[in-house]
Amino acid sequence: MAGASLKSDTPRSLGYAMPAEWAPHEATWLSWPHNSQTWPTQIERVRAAWATMAAALTPHERVCLLVNDAAEEADAAARLRAAGADGRNLRFFRIPTVDVWIRDYGPTFVLGSGAAPLACNDWIFNGWGGKYPGYERDDSVAEAIASALGVPVFRHPVVLEGGSFDVNGAGSCLTTEQCLLHPNRNPSMDRREIEEFLRAALGLSHVIWLGEGVCGDDTDGHVDDIARFVNERTVVCALEENPRDENYRALMDNYERLKAAADQDGHRLEVIPLPCPRPIFFEDARLPASYANFYIANGVVLVPTFDDPADARALGVLRELFPDRDVVAVPCTDVVAGLGAVHCVTQQQPRVFRRGP
């Protein structure tokens, strides 16, 4: 079954579901930064952020890093080890990429209880609605990773990115109307059809719709910049305090929707505000800087920071919510110039729990 295509059945029908991000991981997947068009002046500082992430992750889980070739592998390995990453938990894969946004183009893993307990979803990546010609080449990465791991693949004829939804591992999912109902993704699918696809692909029973994302987000409103589950019934939601800020209205609308929402069992969610940093610009364009773009791993939560007074408040909120994990700041003022941050560049591979003989 390894590497096989599973076309006739859905993950849900075969007993698969996507675990919550806080469930135990086998590994975190990253792609090494190399695209100088994304970061024309910042790429060295961006690589330093990758080193910070690897140093924080490798004491707790494997880090699997995609590189273009042997020279890039050697360079990345040296930088990560110099930053304190545990080389025993580093693994490199020579799978070429256009850019680093593996959350969106990489595989989304699901777990089941059958003979192949780990599988992955591979949907169509079209460069965030066709905005960036050539980026659709990263659509092949999910298949390449599945082949390297020898796990079965559910291939879906649907355009979707991993940053556009967030699950609680108990049946609920957050997503946004701005992204999933955008005509540059799946214009032939309506809300009901998209909901049913999410249920089938991720093993869900309930979809919670938010409205719009943050300003400067070229993904058309990915949810991982605005609201995230931190446990089965608790969501943190980015909330702008300045009513004159252009994010204020949309983020308040999302907050109010969440306050009125229920989980898969009909229980009201606990909604915790997460502050916003001050506006950050690059070449006169506002960047999608958000503390909601954090990543939950084994023993650690990686949080983007922006050299802003609100950094400490955001870290404090997340430390209260994750008392059993180290909350680590990852400087992302330079990273977000590429229009993403920590969650956008990571993808979790859940741990398989095998039953005894």
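How many residues lie between β10 and β11 in their hairpin? Two residues separate these strands. The model is predicted. This briefing covers an open sheet of four strands, the β10-β11 hairpin, the cysteines and the salt bridges. The structure holds 26 salt bridges and zero disulfides.

**The β10-β11 hairpin**

- Strand β10 covers residues 227-231. Strand β11 covers residues 234-238.
- The two strands pair in the antiparallel sense, over four bridges.
- Within this pairing, Arg 228 of β10 stands opposite Val 236 in β11.
- Strand β10 is mostly covered, with four of its five residues buried.

**The open sheet**

- Four strands make up this sheet, in the order β3-β2-β1-β18. The pairing is mixed.
- At the edges are β3 (90-94) and β18 (347-350). Each of these edge strands pairs on one side only.
- From one strand to the next, the twist averages 25 degrees.
- Strands β2 (residues 62-67) and β3 run parallel and are joined by five bridges.
- In that pair, Val 63 stands opposite Leu 90 of β3.
- In general, the strands of a sheet pair through backbone hydrogen bonds, in a parallel or an antiparallel way.
- Helix α1 (residues 43-57) lies across β1 (25-31) and β2. The helix runs at about 170 degrees to β1.

**Cysteines**

- A search of the whole structure finds zero disulfides.
- For Cys 179, the closest cysteine sulfur is in Cys 173. The two sulfurs are 11 Å apart, so they are too far from each other for a bond.
- Cys 179 is buried, at a relative accessible area of 1%.
- Cys 237 is in no disulfide either. The nearest cysteine sulfur, in Cys 276, is 8.6 Å away.
- A disulfide needs two cysteine sulfur atoms within 2.5 Å, so a distance of 8.6 Å rules one out for Cys 237.
- Cys 237 counts as buried, at 0% relative accessibility.

**Salt bridges across distant parts of the chain**

- Arg 45 forms a salt bridge with Asp 334. Their closest N and O atoms are 2.9 Å apart.
- This pair links distant parts of the chain, 289 residues apart. Arg 45 is in helix α1, and Asp 334 is in the loop between β17 (326-331) and β18.
- Arg 45 counts as partly exposed, at 46% relative accessibility. Asp 334 is also partly exposed, with a relative accessible area of 22%.
- Glu 161 forms a salt bridge with Arg 185, and here the closest N and O atoms are 2.9 Å apart.
- Glu 161 is in the loop between β6 (153-159) and β7 (165-167). Arg 185 is in the loop between α6 (177-180) and α7 (191-202), 24 residues away.
- Are Glu 161 and Arg 185 buried or exposed? Both are buried.

**A salt-bridge network at helix α7**

- Arg 199 forms a salt bridge with Glu 196, with the closest N and O atoms 3.9 Å apart.
- These partners are three residues apart in helix α7, so about one helical turn separates them.
- Glu 196 counts as partly exposed, at 35% relative accessibility.
- Through shared partners, salt bridges join Arg 12, Glu 195, Glu 196 and Arg 199 into one network.

Terms used. Residues numbered from 1 in each chain as written. Predicted model: local features only at pLDDT ≥ 70, side-chain atom pairs only at ≥ 80, totals over all residues. Heavy atoms only, no water. Pairing = 2+ DSSP bridges. Axes fitted to C-alpha atoms, helices over the stretch in contact; angles between N-to-C directions. Contact = heavy atoms within 4.5 Å. Buried < 20%, exposed > 50% of the residue type's maximum accessible area, 1.4 Å probe, protein only. Salt bridge = Lys/Arg side-chain N within 4 Å of Asp/Glu carboxyl O.
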